[in-house]
Amino acid sequence: MKYKLIATISFSLLMARWRQTLVAAVGVTFSITMFVALLSFMSGLNDLLDGLILNRTAHIRLYKEIKASKLQPIAIASQFRDHHNFIRSVKPKNERVDLYNAAGIMDALKDDERILGTVPKASVQVFYNVGVLDINGVIDGIDVAEESRLFQFNDYVVEGNYIDLQNIPNSIILGNGVAEKMMVGIGDVIQVTTSKGQQVSLKVVGLFQSGIRDIDNVQSYCSLNTTQKLLGETSTYITDIQVKLKDISLAPMLAKEYEKIFNVEALDIQTANAQFETGSFIRTLISYSVGITLLIVAGFGIYNILNMMIYEKMDSIAILKATGFSGRDVNAIFILIASTIGVVGGVVGLALGLGLSAIIDQIPFNTDSLPAIKTYPINYNPKIYLIGLSFSIVTTCLAGYFPSRKASKIDPVIIIRGK
């Protein structure tokens, strides 16, 4: 097989019907452009939506849940051990809600190489006092520096400086919804009443907005020390330990492991946010389905064009075979034509797709619910471009394979005799 000669003939056939070739290449280019732009946008959107929760959620949350004991006295009694005991309306033990030996647990977690970091938290139910009205709310006491490092807390502080929460005593960062209800801003002093009946004055040093309205209407933040003082507790009072892992996929396994080791409740991020993973999967599946459909449609266009080219070039094909070209050579000529259209159209489509994605990335996207987002989200993952180029080559080669088989089986004697 003379590859240079086959390439020359393929190029001649391409240029002989250059308008049809151009139409086929434009079809592939358009398909790849839309495939890349669509997948980049949908992937960016998935990252944005998941990030609203996942960036602010611990990979594993260690806490103590107040509930009735699983092992009741009647189950221990020997005379009822083999019976089915139906127990209802059992009151939980009168226990503290904070974690026992929280400092020891955190020290043990720091030695685990699978963990990126841990953040202690003290959560307290409060009432925000507005005149004679009380608004239900929750204040989380956090280690401000670690919360920002591991969970991007600073990205959600839309007014004020997040570090003031650590530097200014008796300060608070209010949820944006809470601040609107109370009609307060930075520098104002508010009154809160704890579940123990203590009323405390706190200075507003910032406003927090997660993008989820239900959270912003109740949630606020204080430093860990301030929250412990609100409750009249010591510095060892911690209700939650938030764990961030190096590999998030290990969360379910490690949650079960930590439950047994530390005798606490452990909630992994996959269990807590299963609906977000499902939503991301469905959106990605739809995007790939639409993109692949575009490529298949372009493949049918190439198939039709090559079929027409074979019909019109019957004489040329017969002459090639009569002068010594085998069916395999003819097959290679038309597959090379199809693959050339696929590669050229695919490469140009990738470039245009990147350009279109960059344009979308610059379009302003301003919404009160997402203050940290300024433009439409785009994901420039190289995998998207690799998949697009691969599909364009595979689709066009398949589109050229079947017409090439037809061309390779042409009997030159029949064609020439007919002429």
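**Exercise 1. Helix α5 and the residue after it**

Task: Find which residues of α5 are buried, what they pack against, and what is unusual about the phi of Q152.

Solution.
Step 1. In this predicted model, the buried residues of α5 are V144, E147, S148, L150 and F151.
Step 2. Now look at their surroundings. These buried residues pack against β2, β3 (133-142), α6 and β9.
Step 3. Move on to the end of the helix. Q152 follows α5 and has a positive phi, near 50°. To judge that value, remember that most residues other than glycine have a negative phi.

**Exercise 2. One side of helix α4**

Task: Name the buried residues of α4, and explain why they can be placed on the same side of the helix.

Solution.
Step 1. Helix α4 covers residues 102-110, and A102, I105, M106 and L109 are buried in it.
Step 2. Around the axis these residues span an arc of only 95°, so they lie on the same side of α4.
Step 3. The spacing fits a simple rule: an α-helix has 3.6 residues a turn, so residues three or four places apart point the same way.
Step 4. Which elements does this buried side meet? The buried residues of α4 pack against β1 (60-63), β2 (115-130), β9 (240-245) and α10 (251-262).

**Exercise 3. An aromatic pair**

Task: Describe the geometry of the pair F153 and Y221, then work out which parts of the chain the pair ties together.

Solution.
Step 1. Start with the count: the whole structure holds six aromatic pairs.
Step 2. A pair of aromatic rings is described by the distance of the centres and the angle of the planes. For F153 and Y221, the centres are 5.0 Å apart and the planes make an angle of 65°, and the pair is edge-to-face.
Step 3. F153 sits in the loop between α5 (144-151) and β4 (157-160), while Y221 belongs to strand β8 (residues 219-223), so the pair ties together parts that are 68 residues apart in sequence.
Step 4. Buried or exposed? F153 has 0% relative accessibility and therefore counts as buried. Y221, at 7%, counts as buried too.
Step 5. Finally, widen the view: F153, Y156, F208 and Y221 form one aromatic cluster.

**Exercise 4. M182 and its neighbour M183**

Task: Decide whether M182 is buried or exposed, list its contacts beyond four places in sequence, and then do the accessibility step for M183.

Solution.
Step 1. M182 is part of helix α7, residues 176-182.
Step 2. The relative accessible area of M182 is 10%, so M182 is buried. The cut-off used here is under 20% for buried.
Step 3. Setting aside neighbours within four places in sequence, M182 touches Y128, N129, V130, I135 and I190.
Step 4. Take one of these partners, I135: M182 and I135 are 47 residues apart in sequence, yet their C-alpha atoms are 8.9 Å apart.
Step 5. M183 lies in the loop between α7 and β6 (189-194). With 76% relative accessibility, M183 counts as exposed.
Step 6. The phi of M183 is positive, near 55°, although M183 is not a glycine. Another example is N170, with a positive phi of about 50°; N170 is in the loop between α6 (164-167) and β5 (171-175). At 37% relative accessibility, N170 counts as partly exposed.

**Exercise 5. A nonpolar patch on the surface**

Task: Which residues make the nonpolar surface patch, and which helix gives the most to it?

Solution.
Step 1. The patch is formed by I296, F300, Y303, V394, L398, Y401 and F402, and its area is about 670 Å².
Step 2. Assign the residues to helices. Both α12 (274-312) and α15 (382-408) supply at least two of them. Helix α15 gives the most, with four residues.
Step 3. Check one member. L398 is in α15, and L398 counts as partly exposed because its relative accessibility is 49%.

**Exercise 6. The whole chain**

Task: How many helices and strands does the chain have, and what percentage of its residues is buried?

Solution.
Step 1. The chain has 16 helices and 10 strands.
Step 2. Of its 419 residues, 44% are buried.
Step 3. Among contacts with a separation of 6 or more, 77% join residues 24 or more positions apart.
Step 4. The chain exposes about 22500 Å², with 60% supplied by carbon and sulfur atoms.

Key:
Residues are numbered from 1 along each chain as its sequence is written. This is a predicted model: local features need pLDDT of at least 70, side-chain atom pairs count only at pLDDT 80 or more; totals for chains, interfaces and linings use all residues. Side-chain values use heavy atoms; hydrogens and water are left out. Patches are made of residues with over 30% relative accessible area and no salt bridge: like charges are joined within 9 Å, nonpolar side chains (Val, Leu, Ile, Met, Phe, Trp, Tyr) within 5 Å. Accessible areas come from the Shrake-Rupley method with a 1.4 Å probe; for residues, only the protein chains shown count as cover. A salt bridge is a side-chain nitrogen of Lys or Arg within 4 Å of a carboxyl oxygen of Asp or Glu. Helices (H or I, at least four residues) and strands (E, at least two) are DSSP runs, numbered from the N terminus. Buried means under 20% relative accessible area, exposed over 50%, partly exposed in between (1.4 Å probe, protein chains only). The arc is that of the directions from the helix axis to the C-beta atoms. Contact means heavy atoms within 4.5 Å. Rings of Phe, Tyr and Trp (its six-membered ring) pair if their centres lie within 6.5 Å; planes under 30 degrees apart count as stacked, over 60 as edge-to-face and the rest as tilted.
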